[in-house]
Each structure stands twice: as C-alpha cells, then as structure tokens.
Amino acid sequence: MASAIEEKPNTSTAEGHKDNGGTVNGIRELRHASESSDAPAFSNRSVLTEENAYEKTAYAWSTKKKWILLTVVALCQTSMNFNAAIYSNAVDAINEEFNVTNARMGMVAFLVPYAFGCELWAPWSEELGRWIIMQLSLAGVNISIIICALSPTFGGIIAGRVIGGLSSAGGSVTLGMVADMFDPESQQHAVLWASLWSCLGAVVGGVCGGPVQQYLSWRWNFYIQLIFGGVTAAVHFFVAQESRSTVMLDKEAARLRKQGREVYGPNEVKTFKERFNAKEIIKTMWRPYQMLMFEPIVLFLSLLSGFADALIFSFFESYGIIFKQYGFSPVQNGLALIPLAVSYWLAYFSFFPVVARHTHRRAQGEVLSPESRLWWLLFLVLLLPLGILGCAFTATVHWGGVIAFSILIGMANYSIYFATVDYMVAAYGEYSASATGGNGFARDFLAGICALYTGKMYRNLGVRNAQLLLFGIATAFCIPVYVFYYMGPKIRNRSKFAMQLAKNRNSARTRAVATQQNEQINPVIRFA
C-alpha cells in the first residue's frame, strides 16, 4: 500500500509541464504495460500511470481547483480538532451531572485514540480513495457525538469519545491529499495552509467553548459539535472531489473502455490479494511507530512537536487556574485564547519569505538539502521556552503578561509543526508518510495525556514552579533542532530508510534514462 505523502518524480523538464498547478502543454504518452513488471496479468494491454496520464491526475488541476479542495480539507481538520478542544468546557458540568470527578478523562479518551485513528485511516485512503474515507470518517465522528449528547451515563460519554477519536482521519489523510496535488518541491504553501487550520481548530474550540459553558447545558457542547460536524460533512460531500491518482486513473480507464479502448487503471491490473495483502497492510501501519522509535530525527522532532501541542491543550485547563485569581468568567477564559489564534497567523505569514527564497533558489538550479527547511525554525523554536518563561513570571503579576507571552508560544507551536513535517517530507521522500505519521501520533498522544497531569501539576507546584518546569523541558526539546540542522546529513546517512531512499532514487534515474532512450527508438501509442 502506498504512503500518504510520497515524493513524486519531478518530470517537468522531461515532459514540458509546470508541476505547481500550472499548465499542461501536451497529452502524456501512454506506454504499454509490457514495459512494466507491475501488471503481468495484462501484459498485452495499456495501463494508465501518473507518468503517462499526468493530465488525468490531481497534479494537473488548476490552482483554483486545488485550493478549493485544500480549503474543504482545512474545514474537516478544523472540525475534528474543534471536537477535541471544546469538550474541556463541559468537564465541570459533566462532573456535577454524573457525580464523578474524572470527566476530564474524556479528553484522553478522544485524543489518544485520535493518535491511532489517523494511522488506521491513512492506508485505506490510498487504496479506496480520499473522498470515501473522509466521508466515512466524518460520519463516524458525527455518530460518536450523538452517542455523547444522548448518553444517560458517564461511561457512555467516554465510549462516544473513544469512537470519535478512532473515527477521526485527521492529519495523515489531509497531508495525503496535499501530496496528491503537489510534488514535494512545490507543496510548501499547501502544507502551510493545512498546518494552520490543524492548529487553529483547537483554539476555535476553546474560544467557542467559553460561551457554551457559561450559558448552555453541557449537552449543547455536543450539539454544537454535531452542527459543525454535519455542515462540514455536507460541504465535503458536495464540494470535495477525489484526488487519489490511482482511483482517478481507474475511473478514467473505465471511461476509455466504454469508447472501445483497451486501457486499464493501476488498481485494475492488481488482484484483490495484491491490493489488500494482510502482511503489507500490517507493515504499512507499523512503519510510523517503527520510525518514531528507531529514527532519531523522527523521534526527537516528534517529541518537540508533541510537547508544543500538549502545551496548547494544557492551556484549556491551566487558563482556568491562572485566570481564576483575576475573576475571569468562562467567556473571558475563551476570549483569552484569541491572541493564540493571532499568533498562528503571524507564524503562517512569517514563512512566506522563506518559501519564496527556497523557490527562487531551486529555479536557479540549486539543489537544497532537506535541512534548509529547518532554517527559520532555528529562530522561532526559541519562542517556546521564552514564552513559557515569560508566563511564569507574569502569571501572578498581571493577566496581560500571560496573554502577551502566549503569542510567542503559539508562534513556536505552529512553526514546529509545519517545519518538522516539511523537513520530514524532504528528508524521507517515499517514507515521509510514515515519518510524518509518527509526528502526528506524538502530537495527539502527548496532547491527550496532558489532561492527566496538568491540573495536578499546577495545584501541587503552583503556577510559577509548574511553568518553570515546563520551561526546562521545552529548552531541552529545542536542542535537537540545531543538532539536525547542522548534522542532519550525517545522521541521515546512518538511517536505513534514508539509505533505501537513495537506492530507490538512483534506480529511478537509471530507469528514466533507459525509458527516454527506448522512446527515441520505439514508437508509442498516444490517446487524445
């Protein structure tokens, strides 16, 4: 099964098209399947591939069409993270309703399964298509919300939250859609956009949760999630289109066969066992965890990314503790999160000059190392410990200090998420889906378990000491960014995945040269 984010071959010079959403100057050449060992059952028939039917894939879509899908995907991501965050505002009411003290476990019950859910959905989106998988995911999430809203017991709420977390396709499928439309050298703005809304979703949930907590019953917390989720599912159903190339090419092949042409899609020349091989499915699902445990780059950058995201989710509880001393209401606690949303936009736009510079250097023929994508993070990552330190010394002086320094923390959180994903895409190529999957798992898992310790930490250590502890951890987690920026090539040279990637790239170059020489000798079939 294919990866959610793949490094696609850059064929712009060989085939005369613009990769980043521009024009296609000619129809791709359709080669015989006899040139490929991937389709032995149809060796005398033609098979559509990304290389010979480029204009029928999402890579060839117009920029407008690509960004419409990106925006719909951003809405889906926002909705799922909204659900994760707004629940925090129902905790006190649920504790009172069911006479329990551990309603905050609903955060854990959603986010920890969410970490696993992303990796469960992604491989199936590669085989069955992005559209149907996202629809199933949204349907599962909405059903889980109904279970929570109507549950007569606290156990029912926990069960619903677990189902909701497992149903959330999340970042893996979202980034897979980005890879469907952009090659790794031109996808930075798309990943910037997807990363922005992934971060904003939680903050939107926190802001909206304040008024819900103050003026409505706890069941309305779930009804509002359901309204948002229902609208999102409807928008996705009517606006989003399939972007997975193999599914699109299967449909195109079926259309051509109706015209009497002997053409097949990439999935149609595979047997059921080849497409849904249990061993390969398990291998694909295991790889993100394998890379998270045994690849230093993935491990340490994912820990940094996970810690930063956990810090944001801890705000939903720690803000209540910090601002209680200033008499803040739930609505005011929610409004206090707005500067955090502003910080994400500031960080988002700060990467524009960096991406533009990288694009210009590539256009000049320069080959950039993957580590170049960490350059701006060298500066922004320092805002994480600085922001926490500032909060530690102003939290008991004036609430405005916490608000101001939260902007630094938010900018750092967004920058860490985007830059680490961007770096892994460049560094791991065809294995980047697994690398970024490990990153996403760490973010959701660590964000989930923060509900277990945040309240106790602040109450037992006090606000200042708790934040000084977080400052020390944040400082330690920042160090790997500098290590990988300066020593990344050496570290990657010792990675079995990076070595296999280099081998695959060399083989691809050899095949490309051989194919080009063969096409100069043998005629090929063209389809209008």
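**Packing of helices H5 and H6, and the setting of Glu371**

In this predicted model, six residues of helix H5 are listed against helix H6: Ser137, Gly140, Val141, Ser144, Ile147 and Cys148. They meet Gly156, Ile157, Gly160, Arg161, Ile163, Gly164 and Ser167 of H6. By class, this contact of H5 with H6 comprises 5 nonpolar, 7 polar and 1 charged residues.

Two packed helices are described by the angle between their axes and the distance between the axes. Helix H5 spans residues 130-150, and helix H6 spans residues 154-167. Their axes come within 8 Å. They cross at roughly 170 degrees. Angles over 145 degrees count as roughly antiparallel, so H5 is roughly antiparallel to H6.

Cys148, one of the H5 residues that meet H6, has a relative accessibility of 2%. Cys148 therefore counts as buried, the cut-off being under 20%. Cys118 is also buried, at 5% relative accessibility. The structure holds 0 disulfides.

Glu371 lies in a loop. That loop runs between helix H16 (352-363) and helix H17 (377-380). The relative accessible area of Glu371 is 2%, so this residue is buried. Its side chain makes a polar contact with the side chain of Arg492, at 2.8 Å. Arg492 also appears among the residues in contact with Glu371 once neighbours within four places in sequence are left aside. The others in that set are Tyr423, Phe484, Tyr485, Gly488 and Pro489.

Definitions and conventions:
Residues are numbered from 1 along each chain as its sequence is written. This is a predicted model: local features need pLDDT of at least 70, side-chain atom pairs count only at pLDDT 80 or more; totals for chains, interfaces and linings use all residues. Side-chain values use heavy atoms; hydrogens and water are left out. Helices (H or I, at least four residues) and strands (E, at least two) are DSSP runs, numbered from the N terminus. Buried means under 20% relative accessible area, exposed over 50%, partly exposed in between (1.4 Å probe, protein chains only). A polar contact is a pair of N or O atoms within 3.5 Å; within protein, one must be able to donate a hydrogen and the other to accept it, and residues adjacent in sequence count only if both atoms are side-chain atoms. Contact means heavy atoms within 4.5 Å. A disulfide is a pair of cysteine sulfur atoms within 2.5 Å. Axes are lines fitted to C-alpha atoms, for helices over the stretch in contact, and angles run from 0 to 180 degrees between N-to-C directions. Angles under 35 degrees count as roughly parallel, over 145 as roughly antiparallel, 65 to 115 as roughly perpendicular and the rest as oblique. Ala, Val, Leu, Ile, Met, Phe, Trp, Tyr, Cys and Pro count as nonpolar, Asp, Glu, Lys and Arg as charged, and the others, Gly among them, as polar.
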